[in-house]
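These are my notes from a first look through the structure. I wrote each entry as I looked the item up.

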Amino acid sequence: MTEVLLAVGTEKGLFLGLSYGRRDWAFTGPHFPMNAIYSIGIDRRDGRTRVLVGADSSHWGPSVWHSDDLGKTWNEPGQPAVKFPEHTGASLTRVWQLQPAGPEARGVVYAGTEPAALFRSEDSGETFTLVEPLWAHPQHEQWGEGFGGQGLHTILTDPRDPAALTVAISSGGVYRSTDGGASWAPSNSGIRVSFLPEEYPEFGQCVHKIAPDPTAPDRLYLQNHGGVFRSDDAGANWRPVEEGLPAVFGFAVATHPRKAQVAYLAPLEADYMRMPPGRRCRIYRTDDGGGSWRPLAQGLPEEDHYGVVLRDALRCDDADPAGVYFGNRNGELYASADEGESWRLLASHLPDILCVRAAVVG
């Protein structure tokens with residue numbers, strides 16, 4: 001029977017759930033109590049499962065930990081894994097993203113940080129080095145700062161080409177590299193902006209999250225600050241895909257691990273009204289690449305609901321059928337074992353849920 005790991009990062013620690021068959025779950029935690037967990041990576045390469053965690057202590061500061069035994073023990077490098085070089089004049093606020101590269105790039109893990117920067121590890125997350133060309137990009141000094149800070153929160157690697165990288169920055173926009181990070185170009189054509197004088201600037205968009213279609217790596221879905229977009233050319237051009245949505249503001253977007261053109265959103269009413277439209281807890285799914293969206297509500301609360309799903313708190317596992325998971329700032333954790341058709345509450349009264357990851361581990 002399939003064993004699934006569910007990792008839940010909160011404002012006050014990490015919770016880990018294991019399940020055979022995704023019916024009954026056994027949770028442990030909080031790991032790293034009183035640490036805010038903004039990033040989780042699950043690396044299943046090289047015949048083992050490594051869980052990477054970006055933990056942010058209000059006393060000790062941010063750090064990257066890892067476990068090779070599903071959370072029974074944790075290791076922290078003797079020196080900070082992610083550290084800005086002295087010449088940058090910057091210091092690490094937090095690690096927003098931990099993303100293992102594909103199987104063709106053994107040992108490579110990327111980290112996205114605040115202030116917005118990309119770091120690369122070649123030893124499975126033990127040590128990281130700054131990707132200097134992105135930090136030194138001439139547009140860097142003009143990047144804005146989202147309400148949650150200036151974070152590089154999305155890192156996409158191309159399974160066909162380890163030198164192709166896409167990142168998203170709030171509020172800098174989308175940037176792409178085709179040479180392993182040696183050079184970068186903004187990639188925001190078609191993404192509108194409501195808070196700048198120019199509606200379609202070259203950069204400066206407040207991108208909230210991007211998710212790739214695993215069946216077609218050039219197809220990407222983007223939740224923007226006030227818009228939902230799709231690209232069919234790896235981010236070179238974007239177009240809106242909003243028909244059927246009750247609102248176009250939101251943070252999270254996720255994609256199905258195997259089915260083409262299937263994506264999930266958690267809309268919010270507006271940037272000035274950050275709660276579910278109509279006060280109803282709903283996840284929306286498209287089965288046609290954004291041509292239409294429908295609400296998935298079976299098992300979700302019918303009464304007034306105010307929970308916000310943050311950018312990394314909506315994810316799918318890779319089981320069959322795919323499981324879908326989301327957590328909100330009410331501390332509620334929901335799961336679906338049938339691709340979103342029905343839901344059940346796994347946990348409540350957790351601290352604010354910041355990120356969720358799930359994967360088959362056995």
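**Entry 1: a four-stranded sheet.** I started at Leu314, whose bridge partner in β24 is Phe326. The model I am reading is a predicted one. I then looked up the pairing around these two residues: β23 and strand β24 (residues 324-327) are joined in the antiparallel sense over three bridges. I followed the strands outward and found an open sheet of four strands, in the order β23-β24-β25-β26, with antiparallel pairing. Its edge strands are β23 (314-316) and β26 (344-347), each of which pairs on one side only. I noted the angle as well: neighbouring strands of this sheet are turned by 25 degrees against each other on average, direction ignored.

**Entry 2: a three-stranded sheet.** I looked up another open sheet, this one of three strands. The strand order is β4-β5-β6, and the pairing is antiparallel. Here β4 and β6 are the edge strands, each pairing on one side only. I wrote down an average twist of 15 degrees from one strand to the next. For β4 and strand β5 (residues 50-57), I found antiparallel pairing over eight bridges. One position I checked is Ser39, which stands opposite Gly54 in β5. As a reminder to myself, side chains in a regular strand alternate between the two faces of the sheet.

**Entry 3: β1 and β27.** I asked how many bridges join strand β1 (residues 3-10) to β27. There are seven bridges, and the two strands run antiparallel. Val4 stands opposite Val360 in β27. I also checked how covered strand β27 (residues 353-360) is, and seven of its eight residues are buried.

**Entry 4: aromatic pairs.** I searched the whole structure for aromatic pairs, and the search gives 11. I looked at Phe32 and Trp65, which form a tilted pair with 5.2 Å centre to centre and 55 degrees between the planes. This pair links distant parts of the chain, 33 residues apart. Phe32 is in the loop between β3 (26-31) and β4 (35-43), and Trp65 is in strand β6 (residues 61-67). I then asked whether each ring residue is buried or exposed. Phe32 has a relative accessible area of 11%, so I put it down as buried. Trp65 has 23% and is partly exposed.

Next I took Phe84 and Phe119. Their ring centres are 5.2 Å apart and their planes lie at 85 degrees, so I recorded the pair as edge-to-face. This pair also links distant parts of the chain: Phe84 is in the loop between β6 and β7 (94-100), Phe119 is in strand β9 (residues 117-121), and they are 35 residues apart. Phe84 counts as buried because its relative accessibility is 6%. For Phe119 the relative accessible area is 0%, so this residue is buried.

I made a separate note of a cluster in which ring pairs link Trp25, Phe27 and Tyr325.

**Entry 5: charges over rings.** I looked for charged ends placed over aromatic rings. Arg94 has its charged end over the ring of Tyr38, 4.1 Å from the ring centre. Arg311 has its charged end over the ring of Trp96, 5.6 Å from the centre.

**Entry 6: Arg282.** I found Arg282 in the loop between β20 (263-268) and β21 (283-286). Is Arg282 buried or exposed? Its relative accessibility is 18%, and the cut-off for buried is under 20%, so Arg282 counts as buried. I looked for a polar partner and found Glu302: a polar contact of 3.4 Å joins the side chains of Arg282 and Glu302. I then listed what else touches Arg282, leaving aside neighbours within four places in sequence. The contacts are Ala266, Pro267, Pro295, Leu296, Ala297, Leu300, Pro301 and Glu302.

**Entry 7: Gln79.** I looked up Gln79 last and placed it in the loop between β6 and β7. With a relative accessible area of 64%, Gln79 is exposed. I also took its distance to Ser170: the two are 91 residues apart in sequence and 28 Å apart in space, C-alpha to C-alpha.

Conventions
Residues are numbered from 1 along each chain as its sequence is written. This is a predicted model: local features need pLDDT of at least 70, side-chain atom pairs count only at pLDDT 80 or more; totals for chains, interfaces and linings use all residues. Side-chain values use heavy atoms; hydrogens and water are left out. Rings of Phe, Tyr and Trp (its six-membered ring) pair if their centres lie within 6.5 Å; planes under 30 degrees apart count as stacked, over 60 as edge-to-face and the rest as tilted. Buried means under 20% relative accessible area, exposed over 50%, partly exposed in between (1.4 Å probe, protein chains only). A charge sits over a ring if NZ of Lys or CZ of Arg is within 6 Å of the ring centre and within 35 degrees of the ring normal. Two strands pair if DSSP finds at least two bridges between them. Axes are lines fitted to C-alpha atoms, for helices over the stretch in contact, and angles run from 0 to 180 degrees between N-to-C directions. A polar contact is a pair of N or O atoms within 3.5 Å; within protein, one must be able to donate a hydrogen and the other to accept it, and residues adjacent in sequence count only if both atoms are side-chain atoms. Contact means heavy atoms within 4.5 Å.
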